[in-house]
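Here is a short tour for anyone opening this structure for the first time. Keep the viewer at hand and follow along, topic by topic.

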Amino acid sequence: MTVGVLPGDLAIAMDEQGKNTGSLTLSTAYNVVPIWLKIAHDSLKQSKLASTAISERWSEDPSNQKQLLMGELAPSIQVYVACGIALDGLYETLRPYAKISLQEIEAWKRNKTSRAKQIAEFFRRTHKIKNDIFDNFCACIDQIIKYRDKAVHPSLKLENSCSRPDVDVAVDWKFSAYRFSNAERCFTNTVNIVAYLYENKSVSAEVNTSLSNIIEALEELKVVQRNA
């Protein structure tokens, strides 16, 4: 949490008797990136349990199939949504230090630069990221944001049904995309991005402090564990 005083929230005056009076209003900014990663972490556990249930209890009964697939779908969607919001939150955390000009932002709008590339570019501006790693960041973030957006802006457009390796029936694409193996990859990639930015220090002390605070919070929440 950052604590500070906004302009106008500190007032010092003198009353008619010559006594000093004053008022102070503190303002805070609580970083919720670790909370969203905690939500993703806990949802992934539920997705794994549901995936195990599919492998152990799958049968020819359509009602059983529906129940098992629904049990995996909900927590897997939550993983994507939580990870996508965490990346957005990290973007906002580092934004003041990325040195992106208004002209560049306007160019992004004109060129319809994807959200994933914008997020990755902010990370590159605060850290020295090699091209191959940057490309990997872009690819990972693109998939996370893509399926986060599909989850929070759902469509009933008809699309071809899909197969998945662990069941013998065709399913709606959502049951194929939002399954445990994909949710696990989403969560792992998100945490790895945060860890990379933490371990490969920025030239900005403020950025390093913010990332250190996020990692410490994730440790407290038992989402990650640093090596001794």
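Is Glu92 buried, partly exposed or exposed? Glu92 counts as partly exposed, at 41% relative accessibility. Please bear in mind as you look around that this is a predicted model. The notes below go through salt bridges, a surface patch, the cysteines and one helix.

**Salt bridges**

- The structure holds 12 salt bridges, and a few of them are worth a visit.
- Glu92 is the partner of Arg95 in one salt bridge, where the closest N and O atoms are 3.5 Å apart. Arg95, like Glu92, is partly exposed: its relative accessibility is 36%, while that of Glu92 is 41%.
- Lys38 pairs with Asp42, with 3.3 Å between the closest N and O atoms. Both residues belong to helix H1 (residues 33–57) and sit four residues apart, about one turn of the helix.
- That spacing fits a general rule: an α-helix has 3.6 residues a turn, so residues three or four places apart point the same way.
- Lys38 is partly exposed, at a relative accessible area of 25%, and Asp42 is partly exposed too, at 30%.
- Arg164 and Asp166 form a salt bridge whose closest N and O atoms are 2.7 Å apart. Here Arg164 is buried, with 4% relative accessibility, whereas Asp166 is partly exposed, with 33%.
- Look also for the network of salt bridges that links Asp88, Arg115, Arg148 and Asp149.

**A nonpolar patch on the surface**

- Four residues, Tyr30, Val32, Ile35 and Ile39, make up a nonpolar patch on the surface. Together they have about 330 Å² of accessible area.
- Tyr30 sits in the loop between strand E4 (27–29) and H1. Its relative accessible area is 52%, so Tyr30 counts as exposed.

**Cysteines without disulfides**

- The count of disulfides is zero.
- Cys162 is in no disulfide, and the nearest cysteine sulfur, which belongs to Cys186, lies 18 Å away. Cys162 is partly exposed, with a relative accessible area of 26%.
- Cys186 is in no disulfide either; its nearest cysteine sulfur is that of Cys83, 3.8 Å away. The cut-off for a disulfide is 2.5 Å between the sulfur atoms, so the distance of 3.8 Å does not qualify.
- Both members of this pair are buried: Cys186 has 3% relative accessibility and Cys83 has 0%.

**Around Cys83**

- Cys83 is placed in helix H2.
- Which residues does Cys83 contact, leaving aside its neighbours within four places in sequence? They are Ala40, Ile144, Cys186, Phe187 and Thr190.
- From Cys83 to Gly71 there are 12 residues in sequence and 20 Å in space, C-alpha to C-alpha.

**Helix H5**

- Helix H5 (residues 131–152) is 22 residues long and spans 31 Å from its first C-alpha to its last, close to the 32 Å expected at 1.5 Å a residue.
- The buried residues of H5 are Phe134, Phe137, Cys138, Cys140, Ile141, Ile144, Ile145, Tyr147 and Arg148.
- Which helices do these buried residues pack against? Their partners are helix H2 (62–94), helix H4 (115–126), helix H6 (173–177) and helix H7 (180–199).
- Two names on the H5 list have appeared above: Ile144 is among the contacts of Cys83, and Arg148 is part of the salt-bridge network.

Notes. Residues are numbered from 1 along each chain as its sequence is written. This is a predicted model: local features need pLDDT of at least 70, side-chain atom pairs count only at pLDDT 80 or more; totals for chains, interfaces and linings use all residues. Side-chain values use heavy atoms; hydrogens and water are left out. A salt bridge is a side-chain nitrogen of Lys or Arg within 4 Å of a carboxyl oxygen of Asp or Glu. Helices (H or I, at least four residues) and strands (E, at least two) are DSSP runs, numbered from the N terminus. Buried means under 20% relative accessible area, exposed over 50%, partly exposed in between (1.4 Å probe, protein chains only). Patches are made of residues with over 30% relative accessible area and no salt bridge: like charges are joined within 9 Å, nonpolar side chains (Val, Leu, Ile, Met, Phe, Trp, Tyr) within 5 Å. Accessible areas come from the Shrake-Rupley method with a 1.4 Å probe; for residues, only the protein chains shown count as cover. The expected span of a helix is 1.5 Å times one less than its number of residues. Contact means heavy atoms within 4.5 Å.
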